Amino acid sequence: MRTFLLAVSTTILGCSSAQTGGARIDKGLAALVPPDTILLSGVRMGELRATPLYTKLMAQQRLSELNDFAKRTNFDPRKDVSEMLVASNGADTVIVARGNFKIQAPAGTKKSVYKGVTVVGGAEGAYAILDSNTAAAGLERAVRKVIDQKQSGQPGPAALLSRAAALPGKGQLWFVSSGWGTLLDRLTSEGGNFASAGRLFRSVDKASGTADLRSAIAGNFTAECRSEPDAKTLGDALRGMVGLGRLSVPENQPEMLRLFDGITVEQKQLSVLLNVNIPADLIDKIIKLTETRPRMK
C-alpha cells in the first residue's frame, strides 16, 4: 500500500503538472528557457501555497528538498516566488522565476560577473537576479545558460513551449517532456521504487501532465511510447500497480479503496493516459502513509 502511494505522490509532486493553456505561461519566463531543454515544468506558487495539500506538507515539514535548495542558493521558492518554470536538459536543471527579489547574499558568499550579470554562489548552487522581478537559480553553469538565452534574444524550445501552451486544466502545476536525458539513469541508481519507475518509462518518447490541488488531487498524465507494444506494456504495468495497491489496502482501512477507484489507465495506440482523482478527505491519510518516502539526492 505504502509503495503504491509513494509512486503516485512522487509522480504528482516530483514531476509537477497543470495549467490552463498558453495564457497561463508567463511569456517573459518562457523567453528565458534554454533551447536545449527537454523537460519543462511550471508552478504557480502563489496559487499552490493556498492549496490544502501544500499547507499540510509545509506544516509537517515534509518539503525538506526546498529547505536544502534555499540553503544552497539563498533563494527560497516558498517565499520569494509567484510563478516559476523548471527547465532541464536531462542533466542540469535551472529555475527561472517571477516574484519580488531583494535577496541579500550572506557575507563571504562567492560572487562572479557573467556577461554583466552578477552570479551569486558556486558550481553546486547559484542564483542571479536578472531584474527586480525575475531570477534564475540552479547549478552555476545552468544559470549562465539562462543569461545567455536572455541576451541572445532568440526563442527557446518552441515545440516544447507550444505543447505546454496547449495543456488543459486549471491547476497549479504542469510538465511536458520531449525526452529524459540522464534522468532515468539517475532514478534507476536510486534503487527501490525510483529504479522501477526509471525502467518503466524508458520506452516513453514524450510525456505531459497537469495537476490541480485546490481541493482534492486531480491529475491527468499522458505518455507517448515508441510503439504500440511498448504502450501496452506501460499501460499493463500501471494497471498492475493499481491492482496491487487495492490488494494492499489494510482490512481496517476500507475507505482507502476509494483512492484506487479514482485512478484509471487507458491506452490509445501509442499513448497511455493516466487519470488521478483523489478525494480531499483522503489527503491526510496519504501523507501519513508516505512518511517514510526516500529522498532524491
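This report describes the overall make-up of a predicted protein model, one of its helices, a cavity, a pocket and selected loop residues.

**Overall features and confidence**

The protein contains 13 helices and 12 strands. Of its 297 residues, 48% are buried. When contacts between residues at least 6 apart in sequence are considered, 68% of them join residues at least 24 apart.

The average pLDDT of the protein is 81, and 79% of the residues score at least 70. Two stretches with a pLDDT below 50 should be noted. Residues 1-23 form one such stretch, which nevertheless has 86 contacts in the model beyond near neighbours in sequence. Residues 292-297 form another, with 14 contacts in the model beyond near neighbours in sequence. Where pLDDT is low, the predicted coordinates should not be read in detail.

**Helix H7**

Helix H7 runs over residues 140-152 and comprises 13 residues. At 1.5 Å a residue the helix should span 18 Å, and its end C-alpha atoms are 18 Å apart, so the expected span and the model agree. Directly after H7, Gly153 adopts a positive phi of about 70°.

Which residues of H7 are buried? They are Glu140, Ala142, Val143, Val146, Ile147 and Gln149. The cover over these buried residues includes five strands: E3 (93-99), E4 (111-114), E5 (117-122), E6 (125-131) and E7 (134-138).

Arg144 also belongs to helix H7. Its relative accessible area is 29%, and Arg144 is therefore partly exposed. Apart from neighbours within four places in sequence, Arg144 makes contact with Ser112 and Tyr114. The C-alpha atoms of Arg144 and Ala128 are 8.7 Å apart, while the two residues are 16 apart in sequence.

**The cavity beside H7 residues**

The count of cavities of 30 Å³ or more comes to 1. The largest cavity has a volume of about 70 Å³. Its lining is made up of Pro34, Asp36, Thr37, Ala87, Ser88, Asn89, Asp92, Val94, Ala142 and Lys145. Strand E2 (81-88) and H7 are the elements that give two or more residues to this lining. Ala142 thus appears in two lists, since it is one of the buried residues of H7 and one of the residues lining the largest cavity.

**The second largest pocket**

The second largest pocket has a volume of about 160 Å³. It is lined by 16 residues, of which Pro168, Gly169, Gly209, Thr210 and Asn220 are the closest to its centre. Strand E9 (204-212) and strand E10 (217-225) each contribute at least two residues to the lining of this pocket.

The table sets out the lining of the cavity and of the pocket by residue class.

| Space | Nonpolar | Polar | Charged |
|---|---|---|---|
| Largest cavity | 4 residues | 3 residues | 3 residues |
| Second largest pocket | 6 residues | 8 residues | 2 residues |

**Loop residues with positive phi**

Two loop residues other than glycine also merit description. What sign does the phi of Lys115 have, positive or negative? The phi of Lys115 is positive, at about 50°, although this residue is not a glycine. Lys115 is located in the loop between E4 and E5. Its relative accessibility is 46%, and because the limit for exposed is over 50%, Lys115 counts as partly exposed. The strands on either side of this loop, E4 and E5, are both among the elements that cover the buried residues of H7.

Gln269 likewise has a positive phi, near 55°, and is a residue other than glycine. Gln269 sits in the loop that joins strand E11 (263-268) to strand E12 (271-278). Is Gln269 buried or exposed? With a relative accessibility of 58%, above the 50% limit, Gln269 counts as exposed.

Gln269 nonetheless has partners elsewhere in the chain: setting aside residues up to four places away in sequence, Gln269 touches Glu228 and Ala231. A separation of 9.1 Å lies between the C-alpha atoms of Gln269 and Glu224, which are 45 residues apart along the chain.

Notes
Residues numbered from 1 in each chain as written. Predicted model: local features only at pLDDT ≥ 70, side-chain atom pairs only at ≥ 80, totals over all residues. Heavy atoms only, no water. Helix = DSSP H or I, 4+ residues; strand = E, 2+ residues; numbered from the N terminus. Buried < 20%, exposed > 50% of the residue type's maximum accessible area, 1.4 Å probe, protein only. Contact = heavy atoms within 4.5 Å. pLDDT = per-residue confidence, 0-100. 1 Å grid on protein atoms, 1.4 Å probe; cavity = no way out; pocket = protein on both sides within 12 Å on 5 of 7 lines; lining within 4 Å. Points joined across faces, edges and corners; volume = space filled by probe spheres on them. Nonpolar A, V, L, I, M, F, W, Y, C, P; charged D, E, K, R; others polar. Expected span 1.5 Å × (residues − 1).
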